[in-house]
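Student: I would like to work through this structure slowly, one question after another. Could we look at it together?

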Amino acid sequence: MNCGQIKEKISIRTVLESFNLFPVKQNSETAFYFAIDREEKSPSLCVDFAQNKAFDFGTGKSYDVISIVQQLSKCSVSNALQYLEKFDTSVQSTNKSILESNKNYEILEVKEIEHLALAEYLLSRKVFNQKHLVKEIHYQMNGKNYFGVGFYNNSGGVEIRNKYSKICLGKKDITLIKNELNLKNEICVFEGFFDFLTYLNLPNVQISNSDYLILNSTAMFFKVEKQLTQYNKIVLFLDNDLSGRNLTAEIFCKYENVEDCSILYEDFKDLNEWFSINRQ
């Protein structure tokens, strides 16, 4: 097999298990592991089983099955390929059906925001007036019932947020919102949907007829790399953490006419935190 076939057919989960590495928490398609290059108390390595890739939120590094073996074994590409020769190449081809059979949640109800706790949560984040863009999602996971604010991605997965949890039900993906009035061919890029909802509350935003891209995680950037080349201008509202800054730098290197708006909230984690505190 060539490198491309190896990356596609050998499961990254199996490779990690071969090094005695197992997830700290997981859902049907993604899992979080402790970092493979340092000690930490909270897991920051996100593994997407469907994409067969891993992303370290602490360093901004992405891994496939070859590069993760290189990192773990401190070896060359050729030595990593030799290590991977022992794996069963049929695992990855059946990965999708396995994920479906292991689905551990059920969406029970989808409706407009009604629950007092969710209304108060949106009020605390200063985006209650944008509640028409999100849903109240009631779901069951591992036999227990939960509810939260839901925001759909382009694959039908739902980003769920409430005061206590932050998860994705279904397939992880970006949310791309097209604007028919986008005559200047611009796009605004956000890391999470609360930043997008916050942006809509900013003064004079009504005159901004851009398309909107909500990544739902910086790890999803690979899905839109080619699409972004179609835009005349890219306006960034990414987080002021390591992964946000690393992605900002990457975008500046890859595209022309990029504007970084994080300077607006440079002393805060993200746009929503800045807006929430300044609106108190």
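Student: Leaving aside its neighbours within four places in sequence, which residues is Tyr83 in contact with?

Tutor: Before we begin, please keep in mind that this is a predicted model. Tyr83 has its place in helix α4, which covers residues 77-84, and with a relative accessibility of 22% this residue counts as partly exposed, because buried would require a value under 20%. Once the neighbours within four places in sequence are set aside, the residues in contact with Tyr83 are Ser18, Phe19 and Val69.

Student: What distance separates the C-alpha atoms of Tyr83 and Asp173?

Tutor: Along the chain, Tyr83 and Asp173 are 90 residues apart. In space, the separation between their C-alpha atoms is 31 Å.

Student: Is Gln130 buried or exposed?

Tutor: Gln130 is found in the loop that lies between α6 and β7. Its relative accessible area is 9%, and since the limit for this class is under 20%, Gln130 is buried.

Student: Which residue's side chain does the side chain of Gln130 join in a polar contact of 3.0 Å?

Tutor: If we do not count residues up to four places away in sequence, Gln130 touches Leu197, Leu200 and Asn201. The polar contact of 3.0 Å links the side chain of Gln130 to that of Asn201.

Student: Which element gives the largest share of the largest nonpolar core?

Tutor: The largest nonpolar core has 26 residues, and those with the most contacts inside it are Phe190, Tyr199 and Phe237. Several elements give two or more residues to this core, including β12 (186-190), α7 (193-199) and β14 (233-237). The largest share, 5 residues, comes from α7.

Student: How many residues does the second, separate core have?

Tutor: This second core stands apart from the one we have just discussed, and among its members are Ile6, Ile10, Val15 and Val69. Its number of residues is 20.

Student: Why is β14 described as largely enclosed by the rest of the structure?

Tutor: Strand β14 pairs with β12 in the parallel sense over 5 bridges, and it also pairs with β15, again in the parallel sense, over 3 bridges. The description itself rests on burial, because β14 is largely enclosed when, of its 5 residues, the number buried is 4.

Student: Through which helix does the chain cross from β14 to β15?

Tutor: Ile234 in β14 is the bridge partner of Ile187, and Ile234 also has a bridge partner in β15, namely Val258. The β-α-β crossover from β14 to β15 is right-handed, and the helix it passes through is α8, residues 242-254.

Student: Which strands stand at the edges of the open sheet of 5 strands?

Tutor: The order in this sheet is β1-β2-β3-β4-β5, with antiparallel pairing. At one end, β4 is joined to β5 by 2 bridges, and Phe55 has Ser62 in β5 as its bridge partner. The strands with a single partner each, so that one side of each is left without a neighbour in the sheet, are β1 and β5.

Student: Which helix has the lowest mean pLDDT among the elements of the protein chain?

Tutor: The chain averages a pLDDT of 86, and 92% of the residues score at least 70, but over residues 90-102 the value stays under 50. Where pLDDT is low, the predicted coordinates should not be read in detail. The highest mean among the elements, 97, belongs to β14, whereas the lowest, 39, belongs to helix α5.

Key: Residues numbered from 1 in each chain as written. Predicted model: local features only at pLDDT ≥ 70, side-chain atom pairs only at ≥ 80, totals over all residues. Heavy atoms only, no water. Core = buried A, V, L, I, M, F, W, Y, C linked by side-chain atoms within 4.5 Å. Buried < 20%, exposed > 50% of the residue type's maximum accessible area, 1.4 Å probe, protein only. Pairing = 2+ DSSP bridges. pLDDT = per-residue confidence, 0-100. Contact = heavy atoms within 4.5 Å. Polar contact = N/O pair within 3.5 Å; in protein donor to acceptor, adjacent residues only side chain to side chain. Right-handed = clockwise from strand over helix to strand, strands pointing away.
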